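Dear colleague,

Please find below the structure that I am handing over to you. My notes on it follow directly after.

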Amino acid sequence: MFSVSKVGLYSSAALQRSFQAVVRQGLRAQHGGVAAAAYGTLAADPVHLTLKTGQTFSGRSFGAQESVSGETVFTTSLVGYPESMSDPSYHGQILVFTQPLIGNYGVPKATRDEFGLLKYFESEKIQCKAIVVGDYATRYSHWNAVESLGEWCVRHGVPAISGVDTRAIVSLLRGQGSTLGNVSFGPAAPAADNLEFMDPNSENLVANVSTKQPISYNSSGDVKIAVIDCGIKQNIVRCLTQRGAAVTVLPWDYDFNAVADQFDGLFISNGPGSPTKCGPLIANVRQAYVSFNKPIFGICMGNQIMGLAAGLEAYKLSYGNRGHNQPAVNLTNGSCVITSQNHGFALKDDVMPAGWQRYFVNANDGSNEGIRHSYLPFSSVQFHPEAKGGPEDTRYLFDSFLTQVRQAKTERLHQEDYQHTLSHQHANTNTVAEPIAAQA
Ligand SMILES: NC(=O)CC[C@H](N)C(=O)O
């Protein structure tokens, strides 16, 4: 019995060695030396995730050798790691994937579309602080892949951990809530007491990721949308430009109201961190409610900012909603939509300010999923209708917004025409009347 299991063990170790050799050879053949180097990284360095609450998880490194700290959160998304990791809303976060196998389709080329937007990433770089996966696929295969997930992480200086029990981490986070974490390297995991934990939510993260200068896309579009960039995803801009809009992306604290007459609609984007850190933006949106008189739409952070500007409060969810299968009920018609989400904060919507209504509600936890004005064209959603990745059930919200924008513009033009005609008629009447008056 003993000798059988000894033989069995020996055989499996030998088998593993020869399998590794085959994989190395295959990688060299398929992807050249770079992929083989990434394989080498995986096999080596021990890396540790230490939570502020004391628990430690030790695994293998397949990313950059950088010690970092951030907020540890989890996503239940099954696919879309290039999009999620480059989503600026993950800025400052250590991202744990519940999907047990990550990396099998590699990382795509940085191709751009006809608007100059990245096709397969949501921003120019990896935004999360680190990633944690159960099993890293050392061998990737996809027609559009140009590098492995490990190589991408190394290039961007982002640490990556594999070979840990992500189910155990997620159970912990579900129980104790999103927790500050630290990623470190070395033979043994350091104790939490000896580490510094950076809390990203104590900073204004939006200021870190927002554009510094206005940027225009599709300038020949028939309606002009001002987009407040809190950390916008490329696919949100694309969802607007593809539907014919001209888009100007503005810094988060830009004095939008000073240039409001140049635009037909206002959009407020997604973004990282706590919405309460964005005071100047909240004040600008509150002002826009009074003076803009044109449609306003917001997504995720945009929903939170619009809610705060309307007079609601925001609070931190225990572990947040991050994934691609979150059910949201539309309170205007009772239909349920499956949505893509990535947020840790929510609006407290039990008492709505005068003139405002709840729009969508999460069917799992009852948290707010959107608000709308009762009679003005102002609305926002907590989920991601642009869904990259995720289901496209709610893409229609971009159509609804742009329909409102176009209708409002047409009405304005008609009104301007009417005013113009009236003032002409008035001028003509005066011309006729004056000589008569003079005669009298
Ligand atoms: N995706 C987002 O815009 C996230 C909004 C905010 N940072 C939150 O975590 O709730």
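The notes below cover the sheet, the surroundings of the ligand and one pair of helices.

This is a predicted model, in which local features need pLDDT of at least 70, side-chain atom pairs count only at pLDDT 80 or more, and totals for chains, interfaces and linings use all residues. Residues are numbered from 1 along each chain as its sequence is written.

An open sheet of mixed pairing is formed by ten strands, in the order β12-β14-β13-β15-β16-β21-β20-β19-β17-β18. Strands (E, at least two residues) and helices (H or I, at least four) are DSSP runs, numbered from the N terminus; two strands pair if DSSP finds at least two bridges between them. At the edges lie β12 (215-217) and β18 (336-348), each of which pairs on one side only. The antiparallel strands β19 (residues 356-362) and β20 (residues 368-373) are joined by five bridges, and R358 has I371 in β20 as its bridge partner.

Around the ligand (C-beta atom, placed from the backbone, within 6 Å of it) are S89, N270, G271, P272, G273, C300, M301, N342, H343, G344 and F345. Strand β18 supplies the largest share of this shell, four residues.

Helices α8 (residues 279-291) and α9 (residues 301-310) pack with their axes 8 Å apart, at an angle of about 65°; axes are lines fitted to C-alpha atoms over the stretch in contact, and angles run from 0 to 180 degrees between N-to-C directions. The two helices, α8 and α9, are therefore roughly perpendicular (65 to 115 degrees; under 35 counts as roughly parallel, over 145 as roughly antiparallel and the rest as oblique).

Kind regards
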